[in-house]
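User: Please go through this structure with me as a series of questions and answers. I would like the reasoning kept brief.

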Amino acid sequence: MGFVAFEHHRLIVAAADFLVAHQTERGDFRPPSSRAGYNEIYDAKGMFTVLQAAFMARRNPALLERYLACVDRRLALFGRCQLPDGSLPLACMGDRRFVFATGVVAAVVKIFGELADERAHRAMAGRCVDYMVGVFTPESGFRDGTNASRLSGHDPYPLYALHLWGEERADAGALVGPATAYVVDGQVWNAEGGFWKAGFEVSKGVNLQTVPHPTLDLDMMWVLFEMYGDRYADRMRSSIEGNRAYFEAIEAYYTENGNRYADVRARTSLAGIMALYDHHTGCREFTGSSQFQALVDWTVGLFDEQAGGFRERENLRTGEKAYFGVPAQYLGQYLFSCGVLNRNVPEAVLEHYAESE
């Protein structure tokens, strides 16, 4: 299975099961004690974790139905919240529109259709596409006028969604090229530093215009690899090297009350971009390194068997591991599946879950 061991595939399923177990009747995920509190952004990405488990269990009708029903409920809740213009409001962003989640939902609906024979969410996805097409400009990417932050995290999933729907929607397909150019050559790319700028400038003492944000880089890399193979591999390599060079500064972002924390968002994302690069370029340059192995071991160590979920962070002074939550679920899934979605599940994994109760 390459550098992803069967044990890691087991943890993908455990992460998905954790989300299913903590899904409310409304459809949102409410795990206990997450440091981040409730955040629909994490819910949106969490759907990819459950979809990944569904691809792994697709030969087991009962398990497959369990995961698809979970995604179906979450999509239905997004649909009930959709605004007339097609956007999906996020309470955590106040009155600002966050195009990121609109792109995630449109992409998930398309992928969901690969596993489920249903059309219930296609109308919602169509309105999402309408909205994304309407707000895109070559100069600013996917930006709604209500959002002044220019957050670069807006761009990868709307781009991916337009790519997925491009064959059905000519207006979506026509924007794939310009949207790609904005991501790889536009203002969010720090040509000197060699990584994507986060877009929200200084936070907690770290200037995110000059220091990478590995979670956002991972989003960018996965979408570009998924769409274009290794065409932008040099750009990816530069981003990885920038993240490695600034890793201490990135971890300093997670300093609170005088304590520094090792955080799943930095460590697992850095390992994830290493895994993506090697997976798509057919090498072991980064995944064969001691740094990658240490990051993998650390992430595996955050899994709590009794609770059935990942912890999110570790106090570097006391060693205490704290909090369970959606962020750890989807970020753990990134690493263990070598991307947001890995349809090419090893045969041994398919056979194992086909036989599971």
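Analyst: Two strands count as paired if DSSP finds at least two bridges between them. The model discussed here is predicted.

User: Which residue in the turn of the hairpin of E7 and E8 has a positive phi?

Analyst: Strand E7 covers residues 255-256, and two bridges join it to E8 in an antiparallel arrangement. One of the bridge partnerships is between Thr 255 and Arg 260 in E8. Two residues separate the strands of this hairpin, and the one in the turn with a positive phi, about 55°, is Asn 257.

User: Is Asn 257 buried or exposed?

Analyst: Asn 257 is found in the loop between E7 and E8. Its phi is positive although it is not a glycine, and most residues other than glycine have a negative phi. The cut-off for exposed is over 50% relative accessible area. Asn 257 has 80% relative accessibility, so it counts as exposed.

User: How many bridges pair E8 with E10?

Analyst: Strand E8 spans residues 259-263, and four of its five residues are buried. Asp 263 stands opposite Arg 313 in E10. E8 and E10, the latter at residues 309-315, pair in the antiparallel sense, and the number of bridges is three.

User: Why is E10 described as largely enclosed by the rest of the structure?

Analyst: A residue is buried if its relative accessible area is under 20%. E10 is largely enclosed because the number of its seven residues that are buried is six.

User: In the hairpin of E9 and E10, which residue in the turn has a positive phi?

Analyst: Strand E9, residues 303-304, is joined to E10 by two bridges, and the strands run antiparallel. Asp 304 has Gly 309 as its bridge partner in E10. Four residues lie between the strands, and the turn residue with a positive phi of about 75° is Gly 308.

User: What phi does Gly 319 take in the hairpin of E10 and E11?

Analyst: E10 and strand E11, residues 321-324, pair in the antiparallel sense over three bridges. The partner of Arg 311 in E11 is Phe 324. The hairpin has five residues between its strands, and Gly 319 there takes a positive phi near 80°.

User: What is the relative accessibility of Tyr 323?

Analyst: Tyr 323 lies in strand E11. Its phi is near 70°, a positive value in a residue other than glycine. Tyr 323 counts as partly exposed because its relative accessibility is 37%.

User: How many residues of the lining of the largest cavity are nonpolar?

Analyst: One cavity of 30 Å³ or more is found in a search of the whole structure, and the largest cavity holds about 40 Å³ of space. Its lining is made up of Leu 208, Pro 212, His 213, Pro 214, Ile 250, Tyr 253 and Tyr 254. None of the lining residues is charged and one is polar, while the nonpolar count is six.

User: How far does H3 reach from its first C-alpha to its last?

Analyst: Helix H3 runs over residues 61-81 and has 21 residues. Its buried residues include Leu 63, Tyr 67, Cys 70, Arg 74 and Phe 78. At 1.5 Å a residue a span of 30 Å is expected, and the reach of H3 is close to that, at 30 Å.

Note on methods. Residues are numbered from 1 along each chain as its sequence is written. This is a predicted model: local features need pLDDT of at least 70, side-chain atom pairs count only at pLDDT 80 or more; totals for chains, interfaces and linings use all residues. Side-chain values use heavy atoms; hydrogens and water are left out. Buried means under 20% relative accessible area, exposed over 50%, partly exposed in between (1.4 Å probe, protein chains only). On a 1 Å grid over the protein atoms alone, a cavity is a set of points where a 1.4 Å probe fits but cannot get out, and a pocket is an open set with protein on both sides within 12 Å along at least five of seven lines; lining residues have an atom within 4 Å of a point. Grid points are joined across faces, edges and corners, and a volume is the space filled by probe spheres set on the points. Ala, Val, Leu, Ile, Met, Phe, Trp, Tyr, Cys and Pro count as nonpolar, Asp, Glu, Lys and Arg as charged, and the others, Gly among them, as polar. The expected span of a helix is 1.5 Å times one less than its number of residues.
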